[in-house]
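Please open the model in your viewer and keep the sequence panel beside it. The tour below goes from one selection to the next and says what is to be found at each stop.

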Amino acid sequence: MALRIKRIYEPKEGRDGTRILVDRLWPRGLKKQVAAVDVWLKDIAPSPGLRRWFGHDPAKWSEFQRRYRDELKKNSSAVEELERLIGRSDATLLYSAKDQAHNHAIVLQSFIGED
């Protein structure tokens, strides 16, 4: 099983496997047909309060990771659903953030990989 992450604005590839959107909000300017999302799992995204606090500020990255991991530990139903969707097949976590080095999909990929 390979669990990848990529921006939803990148084109769909055969190696993507199950394409899972992990944002709470639908990506701006993107039609659903173009996005080719298999599942939209809103509840796995950071809470609105945490998302607003972080604001993709690299200076807050370490603390964001800690807080988001805490949220994931308390959100076992969404984590279990994501793990079920991934199963033993390839999957790609899709996110819309512009910052490819500081976004919740990175934290989520790492969190799921620890199980």
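Helices (H or I, at least four residues) and strands (E, at least two) are DSSP runs, numbered from the N terminus. This is a predicted model, in which local features need pLDDT of at least 70 and side-chain atom pairs count only at pLDDT 80 or more, while totals for chains, interfaces and linings use all residues. Residues are numbered from 1 along each chain as its sequence is written, and side-chain values use heavy atoms, with hydrogens and water left out.

**First stop: two loop residues**

Select H56, which has its place in the loop between α2 and α3. Its phi is near 55°, a positive value in a residue other than glycine. H56 is partly exposed, with a relative accessible area of 36%; here buried means under 20% relative accessible area, exposed over 50%, and partly exposed in between (1.4 Å probe, protein chains only). Now go to A36, found in the loop between α1 (32-35) and β3 (39-40), where phi is again positive, at about 50°, although A36 is not a glycine. A36 is partly exposed, with a relative accessible area of 21%.

Return to the loop between α2 (48-54) and α3 and select A59, which counts as exposed at 73% relative accessibility. If you add H102 to the selection, you can follow the 9.9 Å that separates the C-alpha atoms of A59 and H102, two residues that are 43 residues apart along the chain.

**Second stop: helix α4**

Select α4 (76-86) and colour its buried residues, which are A78, V79, L82, L85 and I86. Seen down the axis of α4, they fall within an arc of 125°, so they line one face of the helix; the arc is that of the directions from the helix axis to the C-beta atoms. These buried residues pack against β1, β2, β3, α3, β4 and α5, where contact means heavy atoms within 4.5 Å. Turn the helix around and, on the face turned away from its buried side, you will find the exposed residues S77, E80 and R84. Just after α4, G87 takes a positive phi of about 55°.

**Third stop: helix α5 and its packing**

Which residues are buried in helix α5 (residues 104-113)? They are H104, A105, V107, L108, F111 and I112. They cover an arc of only 155° around the axis, which puts them on the same side of α5. What covers them includes β1 (3-7), α3 (61-74), α4 and β4 (91-95).

Show α4 and α5 together: the two helices pack at an angle of about 80°, with their axes 11 Å apart. Axes are lines fitted to C-alpha atoms, for helices over the stretch in contact, and angles run from 0 to 180 degrees between N-to-C directions. That makes α4 roughly perpendicular to α5, given that angles under 35 degrees count as roughly parallel, over 145 as roughly antiparallel, 65 to 115 as roughly perpendicular and the rest as oblique. At this meeting place, V79, L82, E83 and I86 in α4 meet L108, F111 and I112 in α5.

Move to the start of α5, where a side-chain oxygen of N103 reaches to within 3.0 Å of the backbone nitrogen of A105. Then select H104, which is buried, with a relative accessible area of 9%. The side chain of H104 makes a polar contact with the side chain of D23 (3.3 Å); such a contact is a pair of N or O atoms within 3.5 Å, and within protein one must be able to donate a hydrogen and the other to accept it, while residues adjacent in sequence count only if both atoms are side-chain atoms. Leaving out residues up to four places away in sequence, H104 touches V22, D23, A45, P46, F64, Y68 and Y95.

**Last stop: a network of salt bridges**

Side chains of opposite charge can pair when their charged atoms come close. The structure holds 7 salt bridges, each a side-chain nitrogen of Lys or Arg within 4 Å of a carboxyl oxygen of Asp or Glu. Select K6, which is buried, with a relative accessible area of 6%, and whose side chain meets that of E13 in a salt bridge (3.3 Å, N to O). E13 is partly exposed, with a relative accessible area of 38%.

D16 also forms a salt bridge with K6, the closest N and O atoms being 3.1 Å apart. This pair links distant parts of the chain, with D16 in the loop between β1 and β2 (18-21) and K6 in strand β1, 10 residues apart. Finally, add R19, whose side chain meets that of D16 in a salt bridge (2.6 Å, N to O); both D16 and R19 are buried. Salt bridges that share partners join K6, E13, R15, D16 and R19 into one network.
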